Amino acid sequence: MNEKELKKIIKEAGLSFTKPRAAILKLLTREHGPYSADEIFEKLEEGLCDRATLFRTLKQFKEKNILNSIRFDEDFARYEFNHPGHHHHHIICKDCSKVIVLDHCFVEEIDQKIELMGYKDVEHKLEFFAICPNCQNK
């Protein structure tokens, strides 16, 4: 995503365009993640922002629906860009915690059935936990 596109997303959310916000958003649109706040901090240019600014920005982006926040079986949240119209799930390795994106959604049919029952704004979250091939070979 170029700077003009980043600026548009940030401005449309009602936020000021700042270097830290642009860098965080650029990272999360370029690299899928999901990443913990610590992982994001490590990937940012050194000295670009402090941890407080990072946490504040992640919170604002989540509130403005720019980012999704995901909690696996961990004590912290992970963040990823909320791509409009792109729904996916994750496979998490139970040994090394590596996260793989599973682009196909298997339960859209269930969402449709729930809507036929009269429910609106149906959402779901589904994550898979398994042992990855690398960890199996150790």
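Select Ile 9 and show its surroundings: beyond its neighbours within four places in sequence, Ile 9 is in contact with Met 1, Leu 25, Ile 66 and Phe 81. Keep in mind throughout that this is a predicted model.

**Stop 1: helix 1**

Ile 9 lies in helix 1. Colour residues 3–12 to see the whole of helix 1. Now go to the start of the helix and pick Asn 2. A side-chain oxygen of Asn 2 comes to within 3.0 Å of the backbone nitrogen of Lys 4. Then move to the other end. Just after helix 1 sits Gly 14, with a positive phi of about 80 degrees.

Before leaving, draw a line from Ile 9 to His 87. Their C-alpha atoms are 19 Å apart, and their positions lie 78 residues apart along the chain.

**Stop 2: the antiparallel sheet**

Select residues 35–36, 67–70 and 78–81 for strands 1, 2 and 3. These three strands make an open sheet in the order 1-3-2, with antiparallel pairing. Strand 1 and strand 2 stand at the edges, each with a single partner strand, so one side of each has no neighbour in the sheet.

Zoom in on strand 2 and strand 3. They run antiparallel and are joined by 4 bridges. For a landmark, pick Ser 69, which stands opposite Tyr 79 in strand 3.

Next, add residues 19–30, which form helix 2. Helix 2 lies across strand 1, strand 2 and strand 3. Its direction is about 80 degrees from that of strand 3.

**Stop 3: Gln 60**

Colour residues 51–63, which are helix 4, and pick Gln 60 within it. Is Gln 60 buried or exposed? Gln 60 counts as buried, because its relative accessibility is 18% and the cut-off for buried is under 20%. Show its contacts next. Residues up to four places away in sequence aside, Gln 60 touches Leu 15 and Arg 21.

**Stop 4: the mixed sheet**

Now select strand 4 (residues 89–93), then strand 5 (99–102) and strand 6 (127–130). Together they form an open sheet of 3 strands with the order 5-4-6 and mixed pairing. Strand 5 and strand 6 are the edge strands, each pairing on one side only. From one strand to the next, the twist averages 25 degrees.

Start with strand 4. Of its 5 residues, 4 are buried, and the strand is mostly covered.

Then take its two pairings in turn:

- Strand 4 and strand 5 pair in the antiparallel sense, over 4 bridges. Pick His 89 and find its bridge partner, Leu 102, in strand 5. Pick His 90 and find Val 101.
- Strand 4 and strand 6 pair in the parallel sense, also over 4 bridges. Here Ile 92 stands opposite Phe 129 in strand 6.

Follow the chain from strand 4 into strand 5. The hairpin has 5 residues between the strands. In this hairpin, Ser 97 takes a positive phi near 70 degrees.

**Stop 5: the aromatic pair**

Stay on Phe 129 and bring in Phe 72. How many aromatic pairs does the structure hold? It holds 1. Phe 72 and Phe 129 form that pair, in an edge-to-face arrangement. The ring centres are 6.5 Å apart, and the planes meet at 85 degrees.

The pair links distant parts of the chain, its members being 57 residues apart. Phe 72 is in the loop between strand 2 and strand 3, while Phe 129 is in strand 6.

Switch on a surface and look at both rings again. Phe 72 is buried, because its relative accessibility is 7%. Phe 129 counts as partly exposed, because its value is 35%.

**Stop 6: the cysteines**

Finish by selecting the cysteine sulfurs. The structure holds 0 disulfides. Go first to Cys 135, which is in no disulfide. Its nearest cysteine sulfur is that of Cys 132, 3.6 Å away. A disulfide would require the two sulfur atoms to lie within 2.5 Å. Cys 135 counts as buried, because its relative accessibility is 10%.

End on Cys 49. What is its relative accessible area? The value is 13%, so Cys 49 is buried too.

Conventions:
Residues numbered from 1 in each chain as written. Heavy atoms only, no water. Pairing = 2+ DSSP bridges. Helix = DSSP H or I, 4+ residues; strand = E, 2+ residues; numbered from the N terminus. Axes fitted to C-alpha atoms, helices over the stretch in contact; angles between N-to-C directions. Polar contact = N/O pair within 3.5 Å; in protein donor to acceptor, adjacent residues only side chain to side chain. Buried < 20%, exposed > 50% of the residue type's maximum accessible area, 1.4 Å probe, protein only. Contact = heavy atoms within 4.5 Å. Phe/Tyr/Trp six-rings, centres within 6.5 Å; stacked < 30°, edge-to-face > 60°.
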